[in-house]
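Me: Please go through this model with me as a set of questions, and give the reasoning before each answer.

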Amino acid sequence: MALYCFDVDGTIDCKENDSEEYLKGVIKTDVLLDLEKQGHKIAIVSSSPFFPEKWKGDNYWFKRNADGFCRLQNIRDAQKYHGVSDYETIYIDDLKGVLTMIRDQSNITCFSPKDFLSSIQSINT
Ligand SMILES: [Mg+2]
């Protein structure tokens, strides 16, 4: 089991959401559902409300800090909730700066949305 932590804006493609403020990403929510089916945990660690209702519960949405600079603290909240270490945690974000920050401050595996999609495709094929 791994914990997959996601940014929202520019990362997730949520077809339920057609708000103009919403910046569509490349990861379809079906991918999150698949990961859950495989026994992995999903956490949304961005305070953006633009993702499906299914992941809006307190057990999925770790949004204590709205500031992107505090993203690691939201990931830590999700890790604490699920009892996992950095080595079992994967973080996906479309902003290179945030990925670099998380890599520098932790041992969490970080992916851009595109690299993440190719990594799971290579596991599944
Ligand atoms: Mg983003």
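What follows is a series of questions and replies on the model.

Me: What kind of model is this, and how are the residues numbered?
Reply: Numbering starts from 1 along each chain as its sequence is written. The model is predicted, with local features requiring pLDDT of at least 70 and side-chain atom pairs counting only at pLDDT 80 or more, while totals for chains, interfaces and linings use all residues.

Me: How many helices and strands are there in the protein?
Reply: Helices (H or I, at least four residues) and strands (E, at least two) are DSSP runs, numbered from the N terminus. Read from that end, the elements follow the order β-β-β-α-β-α-β-α-β-α. The count for the protein is 4 helices and 6 strands.

Me: What radius of gyration does the protein have?
Reply: The C-alpha trace spans about 35 × 35 × 25 Å along its principal axes. The radius of gyration is taken over C-alpha atoms, and the globule rule is 2.2 Å times the number of residues to the power 0.38. For 125 residues a compact globule would come near 14 Å, and the protein agrees with this, having 13 Å.

Me: In which order do the 4 strands of the open sheet stand?
Reply: Two strands pair if DSSP finds at least two bridges between them. By this criterion β1 and β4 pair in the parallel sense over 4 bridges, β1 and β5 run parallel and are joined by 4 bridges, and 3 bridges join β5 to β6, again in parallel. The order of the open sheet is therefore β4-β1-β5-β6.

Me: Why is one side of β4 and of β6 left without a neighbour in the sheet?
Reply: Each of these strands, β6 being residues 109–111, has a single partner strand, so one side of each lacks a neighbour in the sheet. The reason is thus the position of β4 and β6, which stand at the edges.

Me: Which residue of β5 is the bridge partner of Phe6?
Reply: Along the pairing of β1 with β5, Leu3 stands opposite Thr89, and Tyr4 has Ile90 as its bridge partner. For Phe6, the partner in β5 is Ile92.

Me: What is the handedness of the crossover from β5 to β6?
Reply: A crossover is right-handed if, with the strands pointing away from the viewer, the path from the first strand over the helix to the second runs clockwise. Here the chain passes from β5 through α3 to β6, and this β-α-β crossover is right-handed.

Me: Which strand gives the most to the largest nonpolar core?
Reply: A nonpolar core is a set of buried Ala, Val, Leu, Ile, Met, Phe, Trp, Tyr and Cys residues joined through C-beta atoms within 7 Å, and the largest one here has 25 residues, with Cys5, Phe6, Ala43, Ile44, Val45, Ala78 and Tyr91 making the most contacts inside it. At least two residues each come from β1 (3–6), α1 (29–37), β4 (41–44), α2 (71–82), β5 (89–92) and α3 (96–105). With 4 residues, the strand that gives the most is β1.

Me: Which residues of β1 are buried on its two faces?
Reply: A residue is buried if 20 or more other C-beta atoms lie within 10 Å of its own, exposed if 12 or fewer, and partly exposed in between, with C-beta atoms placed from the backbone. Both faces of β1 are covered, and the buried residues are Leu3 and Cys5 on one side, and Tyr4 and Phe6 on the other.

Me: Which residues does Ala43 contact, leaving aside neighbours within four places in sequence?
Reply: Two residues are in contact if their C-beta atoms, placed from the backbone, lie within 7 Å. Once those sequence neighbours are set aside, the contacts of Ala43 are Leu3, Cys5, Tyr60, Phe62 and Ala78.

Me: Does Ala2 count as buried, partly exposed or exposed, and what is the class of Lys96?
Reply: Ala2 lies in the segment before β1, and because 16 C-beta neighbours fall inside 10 Å, Ala2 counts as partly exposed. Lys96 lies in helix α3, and with 10 C-beta neighbours inside 10 Å, Lys96 counts as exposed.
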